[in-house]
Amino acid sequence: MKVGVVTFPGSLDDVDAQRAVRIGGNEAVALWHGDADLKGVDAVVLPGGFSYGDYLRCGAISRFAPVMTEVVRAATGGMPVLGICNGFQILCESHLLPGALIRNDHRKFVCRDQRLRIENNRTPWTSSYDEGAEITIVLKNGEGGFVADADTLARIKGEGQVVARYLDVNPNGSLDDIAGISNERGNVVGLMPHPEHAVEELTGSGVDGLGFFTSLAAATFA
């Protein structure tokens, strides 16, 4: 599959995401924030970083980038989209995912190897995992606290849209220990930790993040 990885001004992990896509068995296609063109890709990754300097709110400016008009249109039509960290924030700002990400409750940037539990393996990005699988991948954020109003949170939980939860410690104050969610259809996933940094033994974090990319290679989409 051809997987587009968007680069915004301030993206830090776009090259890492492209490498993870290739290791996962797909073709990585570089997409530029200023181009309203997805170049015929089958899926899109919005990588981590500080898009547009994280001015206003994280992801608030990125939602208006020309490429996001096409991403929103494609995602609405069923294209798989993964937003990692800042990409998760962009998906929420673009209303492709419910809720919002706010400053960590301890008001400090956190960087650690974080244990997670996969709660939903029925998305294009998590099907390589067993439901309930416990994995360890890199977490690094300053605004990673997931919040939503009570009704939205109840709906997310009730509809099985929680993709991953933090284990052992809640590193940023996210409600209900939520580390990642999907939209109702399941094709759009936002994840605060960074699976692209856990795809090779050489990096020291293991390969627990690789499933997010091999899942895509193995899936068939309508």
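Helices (H or I, at least four residues) and strands (E, at least two) are DSSP runs, numbered from the N terminus. By that definition the chain holds five helices and eleven strands. The radius of gyration, taken over C-alpha atoms, is 15 Å, close to the 17 Å that the globule rule (2.2 Å times the number of residues to the power 0.38) gives for 222 residues, so the chain is as compact as a globular protein of that length.

This is a predicted model, in which local features need pLDDT of at least 70 and side-chain atom pairs count only at pLDDT 80 or more, while totals for chains, interfaces and linings use all residues. Residues are numbered from 1 along each chain as its sequence is written, and side-chain values use heavy atoms, with hydrogens and water left out.

**Whole chain**

- Along the principal axes, the C-alpha atoms fill a box of roughly 40 × 35 × 35 Å.
- Buried residues (under 20% relative accessible area; exposed is over 50%, partly exposed in between; 1.4 Å probe, protein chains only) make up 56% of the 222.
- Contact means heavy atoms within 4.5 Å; of the contacts with a separation of 6 or more, 72% are between residues 24 or more positions apart.
- The accessible surface (Shrake-Rupley method, 1.4 Å probe) comes to about 9200 Å², and carbon and sulfur atoms account for 50% of that.
- Counting Lys and Arg as positive and Asp and Glu as negative, without His or the chain ends, there are 19 positive and 28 negative side chains, with the centres of the two sets 3 Å apart.
- Each charge is placed at NZ of Lys, CZ of Arg, CG of Asp or CD of Glu.

**Helix H3 and what follows**

- Helix H3 (residues 86–93) is largely enclosed by the rest of the structure, because eight of its eight residues are buried.
- Among the buried residues of H3 are Asn86, Phe88, Gln89 and Ile90.
- His95, just after H3, takes a positive phi of about 65°.

**Buried loop residues with polar contacts**

- A polar contact is a pair of N or O atoms within 3.5 Å; within protein, one must be able to donate a hydrogen and the other to accept it, and residues adjacent in sequence count only if both atoms are side-chain atoms.
- Ser51 sits in the loop between strand S3 (43–46) and helix H2 (66–76) and is buried at 2% relative accessible area.
- The side chains of Ser51 and Ser62 form a polar contact of 2.6 Å.
- Beyond four places in sequence, the contacts of Ser51 include Phe8, Asn86 and Ile90.
- Glu143 lies in the loop between strand S7 (134–141) and strand S8 (145–147) and is buried at 17%.
- The side chain of Glu143 makes a polar contact of 3.2 Å with that of Arg103.
- Residues touching Glu143 from more than four places away include Asp54, Gln89 and Met192.

**Strand S10**

- Ala179, in strand S10 (residues 178–182), is buried with 0% relative accessibility.
- Among the residues that Ala179 touches, beyond four places in sequence, are Phe88, Tyr166 and Met192.
- From Ala179 to Ile137 the C-alpha distance is 11 Å, with their positions 42 residues apart in sequence.

**Positive phi in loops**

- Arg107 has a positive phi of about 60° although it is not a glycine; it is in the loop between strand S5 (100–102) and strand S6 (110–118) and is exposed at 57%.
- Asp176, also not a glycine, has a positive phi of about 55°; it is in the loop between strand S9 (162–166) and S10 and is partly exposed at 32%.
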